[in-house]
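This report describes one protein chain, beginning with a single side-chain pair and then widening to the fold and a pocket. Please look at the sequence and the structure first.

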Amino acid sequence: MAARASRKLLRDFLLRRTACTAPIGIGAARHSSSAAPKPPKIPKIPHFSKRGLFTAATLGLVIAGGAYASTVDEATFCGWLFSATKLVNPIFALLDPEVAHRLGVSAAARGWVPREKRPDPPNLGLEVWGRKFSNPIGLAAGFDKNAEAVDGLLGLGFGFVEIGSVTPIPQEGNPKPRVFRLRDEGAIINRYGFNSEGIIAVAKRLGIQHGKRMLDETSSTSSLSADEAKGGGKSGPGILGVNLGKNKTSEDAASDYVQGVHSLSQYADYLVINVSSPNTPGLRMLQGRKELKDLVKKVQAARDEMQWGEEGPPPLLVKIAPDLSKEDLEDIAAVARTLHLDGRPNSAK
């Protein structure tokens with residue numbers, strides 16, 4: 001209504017102004033001729049549709065919002081992005097747990113997740129096994145099983161990301177459904193069963209990521225201090241762990257882990273022998289004192305026979321089950337001390 005009234009008032013004003021300022025010649029013609037005078041031409045008033053007004057208003061808001069965001073400091077903008085991700089959490093909760101997991105990995109792999117630009121406070125940094133962690137919060141193995149989203153996940157702000165478990169030969173894992181939500185407890189039960197695309201696929205992805213980082217460092221024109229140059233790991237600003245597993249049908253567990261060492265250790269900041277999963281038949285039997293000692297010795301030998309630079313070989317850890325008896329824990333501790341495993345308490349400096 002307001003727009004229509006405005007157009008009418010403007011039309012009447014222009015009509016009156018045209019009549020008052022008409023040339024003398026036109027007035028004389030009215031008295032000397034009986035012909036009906038031609039009405040003055042009224043200039044057309046531009047017409048704006050509701051859709052056009054809405055589009056213009058939206059565009060204005062976007063431009064104004066972008067201009068405002070550009071004046072906000074990077075830390076505040078990062079906070080906005082991470083807060084905004086909470087809006088999609090209820091949507092993921094409606095999906096099948098495994099579908100939601102796959103979507104999360106895919107989003108991180110494509111860079112569709114926020115990237116943490118705020119630096120970690122210096123007091124969160126620590127050095128373990130000669131590796132510098134920007135903070136002690138990491139993402140455990142089981143989320144990015146096939147090294148699809150290492151860069152995106154480290155970009156979220158984790159101090160380290162552990163991929164895997166990776167098996168030598170691709171395997172499907174357990175039948176579906178195999179992931180279950182415990183909504184009241186805010187937890188999930190994972191019964192994937194070492195589903196893996198295999199060593200070859202993972203090695204290819206890690207090799208591409210490693211090469212990209214080397215290229216970025218070579219072409220970078222920014223000057224780095226000695227401390228900054230030593231920070232992070234082989235995968236970039238964060239530390240990358242590689243978790244190794246065995247195939248379900250394998251009869252030689254040590255051979256499976258040795259294959260993992262030979263293929264993936266060159267890309268890892270640390271290695272993990274996973275003997276804890278209850279979803280792989282016979283795996284936990286490797287936690288016995290004799291079995292574990294034989295396994296670790298073979299894996300250590302495979303790692304040490306490879307050529308390493310100044311940093312030396314990646315540290316070797318063993319992932320054990322959380323529900324072992326006191327006797328089992330004592331046996332594992334004895335093996336760790338005897339073979340000087342890097343994960344033992346007095347190895348962290």
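## Side-chain contacts, sheet and pocket

The side chains of Arg289 and Asp331 are joined by a polar contact of 3.3 Å, a polar contact being a pair of N or O atoms within 3.5 Å, where within protein one must be able to donate a hydrogen and the other to accept it, and where residues adjacent in sequence count only if both atoms are side-chain atoms. The model is predicted, and local features need pLDDT of at least 70, side-chain atom pairs count only at pLDDT 80 or more, and totals for chains, interfaces and linings use all residues. Residues are numbered from 1 along each chain as its sequence is written, and side-chain values use heavy atoms, with hydrogens and water left out.

Arg289 lies in helix H11 (residues 289-304); helices (H or I, at least four residues) and strands (E, at least two) are DSSP runs numbered from the N terminus. Not counting residues up to four places away in sequence, Arg289 touches Asp331, Ala334 and Val335, where contact means heavy atoms within 4.5 Å. Of these, Ala334 is 45 residues from Arg289 in sequence, with 8.2 Å between the two C-alpha atoms. Because its relative accessibility is 45%, Arg289 counts as partly exposed; buried means under 20% relative accessible area, exposed over 50% and partly exposed in between, with a 1.4 Å probe and protein chains only.

Two further residues with polar side-chain contacts are found in the loop between strand S4 (160-166) and strand S5 (179-182), namely Thr167 and Asn174. Thr167 counts as buried because its relative accessibility is 0%, and Asn174 counts as buried at 18%. Leaving aside neighbours within four places in sequence, Thr167 is in contact with residues including Phe194, Ser196 and Asn247, whereas Asn174 touches Arg191, Tyr192, Gly193, Lys248 and Asn279 on the corresponding count. The polar side-chain pairs are listed here.

| Side-chain pair | Polar contact |
|---|---|
| Arg289 and Asp331 | 3.3 Å |
| Thr167 and Asn247 | 3.5 Å |
| Asn174 and Lys248 | 3.1 Å |

After that loop, S5 runs antiparallel to strand S6 (residues 187-190), and 4 bridges join them; two strands pair if DSSP finds at least two bridges between them. Leu182 stands opposite Ala187 in S6, and in this hairpin, which has 4 residues between the strands, Gly186 takes a positive phi near 65 degrees.

S4 also belongs to an open sheet of 5 strands, in the order S3-S4-S7-S8-S9, with parallel pairing. Its edge strands are S3 (138-139) and S9 (316-319), each of which pairs on one side only. Within the sheet, S7 (residues 239-244) and S8 (residues 270-274) run parallel and are joined by 4 bridges, and Val242 stands opposite Leu271 in S8.

For the protein as a whole, the secondary structure comes to 12 helices and 9 strands, and buried residues make up 32% of the 349 residues. Among contacts with a separation of 6 or more, 68% are accounted for by residues 24 or more positions apart.
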